[in-house]
Amino acid sequence: MTGTRTLSLNTLVRLQRGLRNPAAPLLRLPVPEGMTAPMGCDAVAVPARFGPLVMPRLPRVGCVYADEAHWWWLVPSDSDYALEWPAPARYDTGAVVPDAPDLPGLIHRPDGTLPYTPPIPLYLAVCRLTDTTPSWSRPVTA
(Lines give C-alpha, C1' and ligand atoms only; values in the text may rest on other atoms or scores of the structure.)
Protein backbone atom coordinates (compact mmCIF):
# COMPACT_ATOMS: atom_id res chain seq x y z
CA MET A 1 0.00 0.00 0.00
CA THR A 2 1.25 3.40 -0.85
CA GLY A 3 0.81 6.19 1.65
CA THR A 4 0.31 3.88 4.60
CA ARG A 5 1.96 5.18 7.74
CA THR A 6 2.84 2.92 10.62
CA LEU A 7 2.61 4.42 14.09
CA SER A 8 4.90 3.15 16.80
CA LEU A 9 3.72 2.55 20.34
CA ASN A 10 5.70 5.62 21.47
CA THR A 11 3.85 7.79 18.93
CA LEU A 12 0.50 6.46 20.10
CA VAL A 13 1.38 7.15 23.74
CA ARG A 14 2.39 10.73 22.89
CA LEU A 15 -0.85 11.25 20.94
CA GLN A 16 -2.90 9.91 23.87
CA ARG A 17 -1.09 12.28 26.22
CA GLY A 18 -2.17 15.16 24.02
CA LEU A 19 -5.84 14.34 24.66
CA ARG A 20 -6.52 16.33 27.79
CA ASN A 21 -9.70 17.89 29.00
CA PRO A 22 -9.51 21.32 27.31
CA ALA A 23 -11.87 22.83 29.88
CA ALA A 24 -9.62 21.95 32.81
CA PRO A 25 -7.02 24.61 33.70
CA LEU A 26 -3.43 23.37 33.41
CA LEU A 27 -1.09 24.10 36.27
CA ARG A 28 2.45 23.53 35.03
CA LEU A 29 5.54 23.57 37.23
CA PRO A 30 7.69 26.46 36.00
CA VAL A 31 11.39 26.29 35.23
CA PRO A 32 12.91 28.93 37.52
CA GLU A 33 14.26 32.11 36.00
CA GLY A 34 17.87 31.76 34.88
CA MET A 35 17.51 28.03 34.26
CA THR A 36 17.00 26.26 30.93
CA ALA A 37 15.29 22.98 30.11
CA PRO A 38 16.79 21.92 26.75
CA MET A 39 15.24 18.43 27.01
CA GLY A 40 11.78 19.64 28.03
CA CYS A 41 10.25 18.89 31.43
CA ASP A 42 8.11 16.23 32.99
CA ALA A 43 7.64 15.70 36.71
CA VAL A 44 7.53 12.80 39.12
CA ALA A 45 5.19 13.20 42.08
CA VAL A 46 5.27 11.30 45.35
CA PRO A 47 3.11 11.70 48.44
CA ALA A 48 4.55 14.37 50.74
CA ARG A 49 5.44 11.81 53.42
CA PHE A 50 7.96 10.23 50.99
CA GLY A 51 9.60 13.51 49.93
CA PRO A 52 12.09 13.86 52.80
CA LEU A 53 12.98 10.16 52.42
CA VAL A 54 13.75 10.47 48.70
CA MET A 55 16.00 13.56 48.89
CA PRO A 56 19.01 12.05 50.69
CA ARG A 57 19.00 9.02 48.37
CA LEU A 58 19.74 11.11 45.29
CA PRO A 59 23.24 11.97 44.04
CA ARG A 60 21.91 15.21 42.49
CA VAL A 61 18.64 16.95 43.22
CA GLY A 62 17.11 19.25 40.64
CA CYS A 63 14.13 21.52 41.16
CA VAL A 64 11.68 20.16 43.71
CA TYR A 65 8.21 21.60 44.27
CA ALA A 66 5.89 20.75 47.15
CA ASP A 67 2.52 21.34 48.67
CA GLU A 68 0.84 19.58 51.60
CA ALA A 69 -0.07 16.52 49.52
CA HIS A 70 2.85 15.92 47.11
CA TRP A 71 6.47 16.62 46.21
CA TRP A 72 7.38 16.92 42.51
CA TRP A 73 10.82 16.48 40.94
CA LEU A 74 11.51 17.95 37.49
CA VAL A 75 12.97 15.36 35.12
CA PRO A 76 13.78 15.50 31.39
CA SER A 77 10.83 14.80 29.08
CA ASP A 78 10.14 11.14 28.32
CA SER A 79 11.84 9.91 31.51
CA ASP A 80 9.03 7.40 31.77
CA TYR A 81 10.18 5.62 28.62
CA ALA A 82 10.40 1.90 29.44
CA LEU A 83 9.88 2.59 33.17
CA GLU A 84 6.86 1.70 35.26
CA TRP A 85 6.92 4.24 38.08
CA PRO A 86 5.68 2.43 41.19
CA ALA A 87 2.54 3.50 43.00
CA PRO A 88 1.98 5.75 44.80
CA ALA A 89 4.41 7.75 42.60
CA ARG A 90 2.89 9.44 39.58
CA TYR A 91 4.53 10.56 36.35
CA ASP A 92 3.20 13.89 35.08
CA THR A 93 3.92 14.63 31.43
CA GLY A 94 4.75 18.24 30.66
CA ALA A 95 5.24 18.92 34.39
CA VAL A 96 1.48 19.47 34.62
CA VAL A 97 0.19 18.97 38.14
CA PRO A 98 -3.36 17.64 37.87
CA ASP A 99 -5.71 17.96 40.80
CA ALA A 100 -3.53 20.54 42.57
CA PRO A 101 -5.64 23.45 43.84
CA ASP A 102 -2.70 25.88 43.48
CA LEU A 103 0.77 25.82 42.00
CA PRO A 104 3.13 24.09 44.46
CA GLY A 105 6.05 26.08 45.86
CA LEU A 106 9.69 25.60 44.88
CA ILE A 107 11.47 24.05 47.89
CA HIS A 108 14.80 23.15 46.24
CA ARG A 109 16.69 24.82 43.44
CA PRO A 110 20.02 23.33 42.35
CA ASP A 111 23.16 25.27 41.56
CA GLY A 112 23.70 25.75 37.84
CA THR A 113 21.25 26.19 35.01
CA LEU A 114 19.64 22.74 34.63
CA PRO A 115 16.49 22.00 36.66
CA TYR A 116 16.60 18.22 36.32
CA THR A 117 16.89 15.44 38.85
CA PRO A 118 18.47 12.41 37.11
CA PRO A 119 15.51 10.07 36.49
CA ILE A 120 17.20 6.70 37.04
CA PRO A 121 18.45 7.46 40.59
CA LEU A 122 15.02 8.97 41.35
CA TYR A 123 13.29 5.87 39.99
CA LEU A 124 15.52 3.57 42.07
CA ALA A 125 14.95 5.65 45.23
CA VAL A 126 11.17 5.52 44.74
CA CYS A 127 11.33 1.76 44.04
CA ARG A 128 13.33 1.21 47.21
CA LEU A 129 10.94 3.27 49.37
CA THR A 130 7.89 1.49 47.95
CA ASP A 131 9.52 -1.95 48.13
CA THR A 132 9.06 -2.35 44.36
CA THR A 133 11.41 -4.33 42.12
CA PRO A 134 12.65 -2.14 39.23
CA SER A 135 10.94 -3.07 35.96
CA TRP A 136 14.17 -4.28 34.33
CA SER A 137 14.75 -6.77 37.20
CA ARG A 138 11.38 -8.45 37.06
CA PRO A 139 11.08 -11.93 35.55
CA VAL A 140 9.83 -12.06 31.98
CA THR A 141 6.71 -14.14 31.44
CA ALA A 142 5.46 -15.52 28.17
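Helices, of at least four residues, and strands, of at least two, are DSSP runs numbered from the N terminus. In this predicted model, the elements follow the order α-β-α-β-β-β-β-α from the N terminus on.

**Figure 1. Overview of the predicted protein model, with 3 helices and 5 strands.** The protein has 142 residues, of which buried residues make up 38%. Among contacts with a separation of 6 or more, 77% are between residues 24 or more positions apart. The protein exposes about 8700 Å², and carbon and sulfur atoms supply 57% of this area.

**Figure 2. Close-up of the surroundings of D42 in strand 1.** Strand 1 covers residues 41-47. D42 counts as buried because its relative accessibility is 2%, and buried means under 20%. The side chain of D42 reaches two backbone nitrogens: that of D78 at 2.9 Å, and that of G94, which lies 2.6 Å from a polar atom of this side chain. Leaving aside residues up to four places away in sequence, D42 touches W73, L74, V75, P76, S77, D78, S79, Y91, D92, T93, G94 and A95.

**Figure 3. Close-up of the salt bridge between R90 and D92.** The side chains of R90 and D92 meet with a distance of 2.9 Å from N to O. The count for the model comes to 1 salt bridge. R90 is partly exposed, at a relative accessible area of 27%, whereas D92 is buried, at 5% relative accessibility. D92 is also one of the residues that D42 touches.

**Figure 4. Close-up of the largest nonpolar core, which has 21 residues.** Nonpolar side chains tend to be buried together in soluble globular proteins. Within the largest core of this model, W73, W85 and L122 have the most contacts. Two or more residues each come from strand 1, strand 2 (64-66), strand 3 (70-76) and helix 3 (119-129). Helix 3 gives the most to this core, with 5 residues. Another core, of 13 residues, lies apart from this one and includes A43, A45, Y65 and A95.

**Figure 5. Close-up of the nonpolar surface patch formed by I120, L124 and W136.** Together, I120, L124 and W136 have about 290 Å² of accessible area. W136 belongs to the segment after helix 3. This tryptophan, W136, counts as partly exposed because its relative accessible area is 48%, and the partly exposed class lies between under 20% and over 50%.

**Figure 6. Close-up of the cis peptide bond that joins A87 and P88.** Most peptide bonds are trans, and most residues other than glycine have a negative phi. At the bond between A87 and P88, omega is about 10°. P88 is placed in the loop between strand 3 and strand 4, the latter spanning residues 90-92.

**Figure 7. Close-up of A95 and D131, two non-glycine residues with positive phi.** Phi is about 55° in A95 and near 55° in D131. A95 is found in the loop between strand 4 and strand 5 (105-108), while D131 lies in the segment after helix 3. The relative accessible area of A95 is 1%, so A95 is buried. D131, in contrast, is exposed, with a relative accessible area of 73%. A95 is also among the residues touched by D42 and belongs to the core of 13 residues.

Conventions:
Residues numbered from 1 in each chain as written. Predicted model: local features only at pLDDT ≥ 70, side-chain atom pairs only at ≥ 80, totals over all residues. Heavy atoms only, no water. Buried < 20%, exposed > 50% of the residue type's maximum accessible area, 1.4 Å probe, protein only. Polar contact = N/O pair within 3.5 Å; in protein donor to acceptor, adjacent residues only side chain to side chain. Contact = heavy atoms within 4.5 Å. Salt bridge = Lys/Arg side-chain N within 4 Å of Asp/Glu carboxyl O. Core = buried A, V, L, I, M, F, W, Y, C linked by side-chain atoms within 4.5 Å. Areas by Shrake-Rupley, 256 points an atom, 1.4 Å probe, with all protein chains shown as cover. Patch = residues over 30% accessible without salt bridge, like charges linked within 9 Å, V, L, I, M, F, W, Y side chains within 5 Å.
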